[in-house]
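Work through the short exercises below with the model open. Each task is followed by a stepwise solution.

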Amino acid sequence: AIESSACRHGIATLPSPIVAAASLAGGSGVGDISSGPLVSLLTADGLVHIRSPLCVAVPLTTIEVGTRPNDYFSLSPLPSLLKHGGGRKTMLATSYGGEARLVYCQAESPQVFADRFIKLSIDAFGPNGFPRLELANSIGSTFSATSYVGPEPTAHKRSLLQQYLEVVLGLADDVRRGGGRLSSISSENIQISVNEEGGMEVEVNEPKHKDDLQAASSSLKPNALLTCT
């Protein structure tokens, strides 16, 4: 197994403790981050959070499976449906009450990307720190996203925007070193466990093909730490 080193792709802070987690295999994520490898987190409030291990601090999608008080406790990937279910990444969420729900990860639309991009830019530079309206017109973001004010811009937010764009444009070291072969990493190679404090640990086992080891270690090894408040 490959031990995790210091986080290189940020730390995600969630509002509730993590109850369960599952990995979803994918391609490089270039152009559409949702097409790459994903990590799904079930928190105690009944929400499933979808993140990319290449940029864990940027939330992609949040889905509610359980209402308060939540009794959903388990997430299981269903890789067979990726091949035979229209190419959609699928998970099974189960509850103590005997209920189960299928959770599908849809391909990201250009509108979702545009709105996320403009909000990340406002977080990074402030609403008046860059040509906001020109950028909004060029990418087609919605009025609500363009009108977003956001918190005070910080160097951390600017670093987050850079990191996100590097993944989407294929400039991140993880994508380049992997040679676009992240699709060869299957969920069987990635072991995810939840500790008693509600955090998540990721362990990458040696893939079946030796030449996939570098892609696996470079893309997932530094992303083991997610914390909650």
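A disulfide here is a pair of cysteine sulfur atoms within 2.5 Å. The model is a predicted one.

**Exercise 1. Count the disulfides, then classify Cys55 and Cys105 as buried or exposed.**

Step 1. Apply the cut-off of 2.5 Å to the cysteine sulfur atoms. The count comes to 0 disulfides.
Step 2. Recall the limit: buried means under 20% relative accessible area.
Step 3. Cys55 has 1% relative accessibility, so Cys55 counts as buried. Cys105 has a relative accessible area of 13%, so Cys105 is buried too.

**Exercise 2. Find the salt bridge and state how covered its two partners are.**

Step 1. Side chains of opposite charge can pair when their charged atoms come close.
Step 2. The structure holds 1 salt bridge. Its partners are Arg116 and Glu108, with an N to O distance of 2.7 Å.
Step 3. Arg116 is at 10% relative accessibility, and therefore counts as buried. Glu108 has a relative accessible area of 18%, so Glu108 is also buried.

**Exercise 3. Describe the nonpolar cores and the surroundings of Leu42.**

Step 1. The largest nonpolar core has 34 residues. Those with the most contacts inside this core are Leu42, Val48, Val65, Leu75, Met91, Ile118 and Tyr164.
Step 2. Leave out residues up to four places away in sequence from Leu42. Leu42 then touches, among others, Pro17, Ile18, Val19 and Ala20. Its contacts also include Leu47, Val48, Val65, Tyr72, Phe73, Ser74 and Leu75.
Step 3. A second, separate core has 5 residues, including Leu14, Ala21, Val39 and Leu41.

**Exercise 4. Place Val19 in its strand and on the surface.**

Step 1. Val19 lies in strand β2, which covers residues 18–24.
Step 2. Val19 has 32% relative accessibility, so Val19 counts as partly exposed.
Step 3. Val19 joins Phe73 and Tyr96 in a nonpolar surface patch. Together the three residues have about 300 Å² of accessible area.
Step 4. Link this to Exercise 3: Val19 and Phe73 are both touched by Leu42.

**Exercise 5. Summarise the whole chain: secondary structure, burial, contacts and surface.**

Step 1. The protein chain has 7 helices and 11 strands.
Step 2. Of its 229 residues, 46% are buried.
Step 3. Take contacts between residues at least 6 apart in sequence. Of these, 60% join residues at least 24 apart.
Step 4. The accessible surface comes to about 11,400 Å². Carbon and sulfur atoms account for 54% of that surface.

Conventions. Residues are numbered from 1 along each chain as its sequence is written. This is a predicted model: local features need pLDDT of at least 70, side-chain atom pairs count only at pLDDT 80 or more; totals for chains, interfaces and linings use all residues. Side-chain values use heavy atoms; hydrogens and water are left out. Buried means under 20% relative accessible area, exposed over 50%, partly exposed in between (1.4 Å probe, protein chains only). Patches are made of residues with over 30% relative accessible area and no salt bridge: like charges are joined within 9 Å, nonpolar side chains (Val, Leu, Ile, Met, Phe, Trp, Tyr) within 5 Å. Accessible areas come from the Shrake-Rupley method with a 1.4 Å probe; for residues, only the protein chains shown count as cover. A salt bridge is a side-chain nitrogen of Lys or Arg within 4 Å of a carboxyl oxygen of Asp or Glu. Helices (H or I, at least four residues) and strands (E, at least two) are DSSP runs, numbered from the N terminus. A nonpolar core is a set of buried Ala, Val, Leu, Ile, Met, Phe, Trp, Tyr and Cys residues joined through side-chain atoms within 4.5 Å. Contact means heavy atoms within 4.5 Å.
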